[in-house]
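Thanks, everyone, for making the time this morning. I would like to walk through one model with you, going from the overall fold to a few local details, and I will try to keep to what the coordinates themselves show.

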Amino acid sequence: MPPRFPSNSDHGPHVARPYHRHKSIHRLLGGGKAADVLLWKNRNVSAGVLAGATLIWFLFEVVEYNMVPLLCQIAIFAMLVIFIASNAAPLFDRAPPRIPQVVISEHAFREMALTIRYKLANAVSLLYDIACGKDLKKFLLVVGSLLVLSVIGGSCSFTSLLYLGFLCAHTLPVLYQRYEPEVDHLVARGGEDIKKFYEKIDSNVLNKIPRGPVKTKFR
């Protein structure tokens, strides 16, 4: 029998779902084609993206290709294909291949640069506020997350770390969407246990640590 998770009508303490939200997962991921790929709306496209990322990881990590030789060889191959097609087209009474012109507007570049600048500024400001010790719980959470990321990054290469992050981004959203009630229940129970453990540490250890005043920022 599949495991049964208690609902709101069951007796006992009520466990709140950790992800109460008004937006769907598709909208939380930004909507559009990127969210469709991450949620496997079109399995062929999502599988192709996953296969392409796996091929790139295989070339750089297993075959140990370097970026410059790979780009040069791809450019050489593309030029050879265009050269052969252009010179062989008159022999078969066909028009030479025409490469579509790619036009990227200056507005798109400016919007992308402004978005990156805004995200970086918010991230730096958030990290500064956490580092000042205003919220000790967030401070410990960030330090623990950075330690875990440091251990993972020290045990594998940067390429493998990027590929692992891509696999998580490409599989976890669709798995969560499929098993949302079960995941919410387990996360809520785990969050309650962590909260109780933190309260014990906070009352017995952290509150006894003297802390100086935090300087406020003037804008």
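Helices here are DSSP runs of H or I with at least four residues, strands are runs of E with at least two, and both are numbered from the N terminus. On that basis the protein has eight helices and zero strands, and reading along the sequence gives the pattern α-α-α-α-α-α-α-α. Please keep in mind throughout that this is a predicted model.

Two global numbers set the scene. Of the 219 residues in the protein, 11% are buried, and among the contacts with a separation of 6 or more, 59% are between residues 24 or more positions apart.

Let me turn to helix α7, which covers residues 158–178. Its 21 residues should span 30 Å at 1.5 Å a residue, and the C-alpha atoms at its ends are 31 Å apart, which agrees. There is nevertheless a bend of about 25° at Thr171, and a proline, Pro173, follows within four residues. The buried residues in α7 are Ser160, Tyr163, His170, Pro173, Val174 and Tyr176, and the partners against which the buried residues of α7 pack are α1 (25–28), α2 (32–38), α3 and α8 (180–204). As a general reminder for reading such a list, an α-helix has 3.6 residues a turn, so residues three or four places apart point the same way.

One of those buried residues brings us to the aromatic side chains. How many aromatic pairs does a search of the whole structure find? The search finds one. The ring centres of Trp57 and Tyr163 are 5.1 Å apart and their planes meet at 15°, and because planes under 30 degrees apart count as stacked, this pair is stacked. The pair links distant parts of the chain, with Trp57 in helix α3 (residues 43–62) and Tyr163 in α7, 106 residues apart. Are the two partners buried or exposed? Tyr163 is buried, at a relative accessible area of 16%, whereas Trp57 is partly exposed, at 24%.

Next, a pocket. The second largest pocket holds about 250 Å³ of space, and its lining consists of Lys137, Leu140, Leu141, Ile194, Phe197, Tyr198 and Ile201. The elements that give two or more residues to this lining are α6 (136–155) and α8, and α8 gives the most, with four residues. From the α6 side, I would pick out Leu141, which lies in that helix and counts as exposed, with a relative accessibility of 59%. Leu141 also sits 9.9 Å from Ile130, C-alpha to C-alpha, with their positions 11 residues apart in sequence.

That leads back along the chain to helix α5 (residues 106–131), whose 26 residues reach 37 Å from first C-alpha to last, close to the 38 Å expected at 1.5 Å a residue. After α5 comes Gly133, with a positive phi near 85°.

Which brings me to backbone angles. Most residues other than glycine have a negative phi, and two residues in this model are worth a look against that background. Trp40, although it is not a glycine, has a positive phi of about 60°; Trp40 lies in the loop between α2 and α3 and counts as partly exposed, at 24% relative accessibility. Glu64 likewise has a positive phi, near 65°, and its place is in the loop between α3 and α4 (67–88). At 62% relative accessibility, Glu64 counts as exposed.

Finally, consider Ser86, which lies in helix α4 and is partly exposed, with a relative accessible area of 27%. Which residues is Ser86 in contact with, once its neighbours within four places in sequence are left aside? They are Pro96 and Pro97. The C-alpha atoms of Ser86 and Pro96 are separated by 4.8 Å, with the two residues 10 apart along the chain.

To close, then, the picture I would leave you with is a predicted model with eight helices and zero strands, in which a stacked pair of Trp57 and Tyr163 links α3 and α7, and in which α6 and α8 each give two or more residues to the lining of the second largest pocket. I am happy to go back to any part of it.

Notes. Residues numbered from 1 in each chain as written. Predicted model: local features only at pLDDT ≥ 70, side-chain atom pairs only at ≥ 80, totals over all residues. Heavy atoms only, no water. Phe/Tyr/Trp six-rings, centres within 6.5 Å; stacked < 30°, edge-to-face > 60°. Buried < 20%, exposed > 50% of the residue type's maximum accessible area, 1.4 Å probe, protein only. Expected span 1.5 Å × (residues − 1). Bend = angle between axes of the 7 residues up to and from the residue. Contact = heavy atoms within 4.5 Å. 1 Å grid on protein atoms, 1.4 Å probe; cavity = no way out; pocket = protein on both sides within 12 Å on 5 of 7 lines; lining within 4 Å. Points joined across faces, edges and corners; volume = space filled by probe spheres on them.
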